[in-house]
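Trainee: Got a minute to look at something with me? I'd like to go through it piece by piece.

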Amino acid sequence: MAKVILTHEVHGLGIAGDVVDVKDGYARNFLMPRKLATPWSAGAEKQIEGLRKARRAKEIQSIEGAQAARDALQSAEVVVEAKAGESGRLFGAVTPGDIASAIGDRAKVDKRRIHLAQPIKALGEYTATVSLHDEVSATVAVKVVAAK
């Protein structure tokens with residue numbers, strides 16, 4: 001087992017600054033090449049502790065901002081235009097990136113934080129969950145219409 005410090009959030013493993021034990025191959029072949037983690041050392045642990053304190057101070061402010069963004073996102077539906085056939089079936093699928101760009105200026109949302117229950121492959125109305133913070137998430141109504 002390898003002990004690593006996460007530098008970015010890894011779904012199912014932890015958030016930036018967490019010290020986790022993972023298998024050697026996972027650390028060497030996946031986390032390290034993608035710069036998602038660094039090897040653990042005592043000096044790095046002290047540096048990460050400083051980052052954790054700064055993150056905790058910012059977290060209180062970011063919860064309030066996330067709640068305001070949640071209210072803005074849930075107040076109106078997001079309209080996504082996509083090419084579709086006459087039967088209403090899409091040519092391709094609506095991705096979280098499409099939804100993030102449709103949200104636009106209402107809130108700054110990373111496409112990796114948008115979760116769909118199922119792929120969107122037809123015209124209609126759907127729901128998506130947006131993780132704005134560890135403790136705050138928003139349910140967004142997504143309406144898919146045919147592009148002109």
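Trainee: Which helix is Leu 51 found in?
Mentor: Leu 51 sits in helix α2, which covers residues 42-75. Keep in mind that this is a predicted model.

Trainee: And is Leu 51 buried or exposed?
Mentor: Exposed, because its relative accessible area is 53% and the cut-off for exposed is over 50%.

Trainee: How far apart are Leu 51 and Val 19 in space?
Mentor: They are 13 Å apart, C-alpha to C-alpha, with their positions 32 residues apart in sequence.

Trainee: Okay, new topic: pockets. How much space lies in the largest pocket?
Mentor: About 1200 Å³. Rolling a probe the size of a water molecule over the atoms is how you see where empty space is left.

Trainee: What lines the largest pocket?
Mentor: There are 32 lining residues, and the ones nearest the centre are Glu 9, Ile 15, Asp 110, Arg 113 and Asp 134. Helix α2 gives the most to that lining, with 11 residues.

Trainee: How do the lining residues divide into nonpolar, polar and charged?
Mentor: You get 13 nonpolar, nine polar and 10 charged.

Trainee: Let's pick Arg 113 then. Where does Arg 113 lie?
Mentor: Arg 113 is in the loop between α3 (96-103) and β6 (114-116).

Trainee: Which residues does Arg 113 touch, leaving out those up to four places away in sequence?
Mentor: Glu 9, plus Thr 129, Val 130, Ser 131, Leu 132, His 133 and Asp 134. With Ser 131, a polar atom of the Arg 113 side chain lies 3.0 Å from the backbone oxygen.

How values were computed
Residues are numbered from 1 along each chain as its sequence is written. This is a predicted model: local features need pLDDT of at least 70, side-chain atom pairs count only at pLDDT 80 or more; totals for chains, interfaces and linings use all residues. Side-chain values use heavy atoms; hydrogens and water are left out. Helices (H or I, at least four residues) and strands (E, at least two) are DSSP runs, numbered from the N terminus. A polar contact is a pair of N or O atoms within 3.5 Å; within protein, one must be able to donate a hydrogen and the other to accept it, and residues adjacent in sequence count only if both atoms are side-chain atoms. Contact means heavy atoms within 4.5 Å. Buried means under 20% relative accessible area, exposed over 50%, partly exposed in between (1.4 Å probe, protein chains only). On a 1 Å grid over the protein atoms alone, a cavity is a set of points where a 1.4 Å probe fits but cannot get out, and a pocket is an open set with protein on both sides within 12 Å along at least five of seven lines; lining residues have an atom within 4 Å of a point. Grid points are joined across faces, edges and corners, and a volume is the space filled by probe spheres set on the points. Ala, Val, Leu, Ile, Met, Phe, Trp, Tyr, Cys and Pro count as nonpolar, Asp, Glu, Lys and Arg as charged, and the others, Gly among them, as polar.
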